[in-house]
2 protein chains.
Amino acid sequence: MLDLNSILLKLRKNGLRVTPQRCAILEHLIGNKNHPPAEAIYEEVKKRYPMMSLSTVYNTLDALLAIGEIQELLLEDKRIRFDPDPSPHHHFQCLKCGKVKDIFREIDIPRDKIDENRIESWRVYFYGTCSDCL
Amino acid sequence: MLDLNSILLKLRKNGLRVTPQRCAILEHLIGNKNHPPAEAIYEEVKKRYPMMSLSTVYNTLDALLAIGEIQELLLEDKRIRFDPDPSPHHHFQCLKCGKVKDIFREIDIPRDKIDENRIESWRVYFYGTCSDCL
DNA sequence: GTACTTGCAAACAGTTTGCATAGGC
DNA sequence: GCCTATGCAAACTGTTTGCAAGTAC
């Protein structure tokens, strides 16, 4: 998820419409490193666009998932978080403050098969204490 | 989670009581490779112990988590699953049939720090097509 | 104008909680 | 006998759905 215009184009290319609500959510997500859950996106975007509804947030997130512009994270706090960087990378959650960070260090993952199961994707979640809390 | 008696001992050692319900749940979990969610455990155990209630299942799972005899899994189907093997290993979920398998192959994970964050644990989730569905 | 999208409320799934009763130790 | 555990129901959280009205194209 790099710039607004290319995403708007991609939405249109997929028969999805560009609405002010979707633009507001996109503006809030682009470059966002907080890995927010839907509720947090809703609360933030509502400050500037008070007409925003929570189901529109979910609707938009679904659309962005479908066109591969964001990814979902399933962390130990058991709420779905959204990452505006859909590229394969890993995640770390601080067990003290709850913060989620991107981890770009390469991990040697088997890319093909394990025990006769075909691997198509994988996720690595790290837990511990973040640099700020140490 | 190996044999019933050692777990019962561990429960008592931690001030937790041994009840018929807990024994029934333990018997169902020991050696279970299905990574069931709470609801499935409830349905299965109720067949033989019709007095079982869902909150007792959750209560017992909480107790077993607290003494480190099971672990929780957070997979792409977004329901919490339980693994009666608390030792660190990885998991694979088939995107076709939903089956979850244990992966014991070693993955080279940084054991200490990444980007100044102290790593205390990690989870690797693989997704793809399982050997049965291929 | 035709769909797709919105926003509200209501439904839903999974989990947690409150509380009177039962029962392990 | 004390105190934790049970079982029921009700509350709760996060997410999804139904639908009439609005709007991008």
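A helix axis here is a line fitted to the C-alpha atoms over the stretch in contact, and angles between N-to-C directions run from 0 to 180 degrees. The model shown in these views is predicted.

**Figure 1. Chain A, from end to end.** Chain A holds 4 helices and 6 strands. Along the sequence, the elements follow the order α-α-α-α-β-β-β-β-β-β. Along its principal axes, the C-alpha trace of chain A spans about 45 × 40 × 25 Å. The next two views look at pairs of helices in this chain.

**Figure 2. Helix α1 of chain A crosses α2(A).** Helix α1 covers residues 4-13 of chain A. Its axis and that of α2(A) come within 11 Å and cross at roughly 135°. Because angles over 145 degrees would be needed for roughly antiparallel, that angle makes α1(A) oblique to α2(A). The crossing is right-handed as α1(A) passes α2(A). Which residues of the two helices meet? From α1(A) come A:L4, A:I7, A:L8 and A:L11. From α2(A) come A:C23, A:L26 and A:E27. By class, this contact has 6 nonpolar residues, no polar ones and 1 charged residue.

**Figure 3. Helices α3 and α4 of chain A pack against each other.** Helix α3 of chain A takes in residues 38-48, and helix α4 takes in residues 54-66. Their axes come within 9 Å. The crossing angle is roughly 120°. An angle from 65 to 115 degrees would count as roughly perpendicular. α3(A) and α4(A) are therefore oblique to each other. α3(A) passes α4(A) in a right-handed crossing. On the α3(A) side, A:A38, A:E39, A:I41 and A:Y42 make the contact. On the α4(A) side, A:L54, A:V57, A:Y58 and A:L61 make it. The contact of α3(A) with α4(A) counts 7 nonpolar residues, no polar ones and 1 charged residue.

**Figure 4. Helices α3 and α4 of chain B pack at an angle of about 120°.** Helix α3 of chain B runs over residues 38-48. The axes of α3(B) and α4(B) are 9 Å apart. The angle makes α3(B) oblique to α4(B). α3(B) passes α4(B) in a right-handed crossing. The contact joins B:A38, B:E39, B:I41 and B:Y42 of α3(B) to B:L54, B:V57, B:Y58 and B:L61 of α4(B). By class, the contact of α3(B) with α4(B) has 7 nonpolar, no polar and 1 charged residues.

**Figure 5. Residues of chains A and B come near DNA strand C.** There are 21 residues around DNA strand C. A:T19, A:R22, A:M51, B:R17 and B:Y58 come nearest. How much of the DNA within 4 Å of the protein is sugar or phosphate? Of the atoms of strand C in that range, 70% belong to sugar or phosphate, and the rest belong to bases. Phosphate oxygens of strand C have polar partners in chain A. An N or O atom in the side chain of A:R22 is 2.7 Å from one phosphate oxygen. At A:M51 the partner is a polar backbone atom, 2.7 Å from a phosphate oxygen. At A:N59 a side-chain N or O atom lies 3.3 Å from a phosphate oxygen. The elements that give two or more residues to this surface are α2 (20-29) and α4 of chain A, together with α4 (54-66) of chain B. By class, the surface near strand C has 9 nonpolar, 7 polar and 5 charged residues.

**Figure 6. DNA strand D has residues of both chains around it.** Strand D is surrounded by 20 residues. The closest are A:R12, A:Y58, B:T19, B:Q21 and B:M51. Of the strand D atoms within 4 Å of the protein, 72% belong to sugar or phosphate and the rest to bases. The side chain of A:Y58 has an N or O atom 2.4 Å from a phosphate oxygen of strand D. For the side chain of B:T56, the corresponding value is 2.9 Å. A polar side-chain atom of B:N59 lies 3.4 Å from a phosphate oxygen of strand D. Two or more residues of this surface come from each of α4 of chain A, α2 (20-29) of chain B and α4 of chain B. The surface near strand D divides into 8 nonpolar, 7 polar and 5 charged residues.

Key:
Residues numbered from 1 in each chain as written. Chains lettered and ligands numbered in written order. Predicted model: local features only at pLDDT ≥ 70, side-chain atom pairs only at ≥ 80, totals over all residues. Heavy atoms only, no water. Parallel < 35°, antiparallel > 145°, perpendicular 65-115°, else oblique. Left-handed = near helix turned anticlockwise from the far one by under 90°. Contact = heavy atoms within 4.5 Å. Nonpolar A, V, L, I, M, F, W, Y, C, P; charged D, E, K, R; others polar. Near = heavy atom within 4 Å. Polar contact = N/O pair within 3.5 Å; in protein donor to acceptor, adjacent residues only side chain to side chain.
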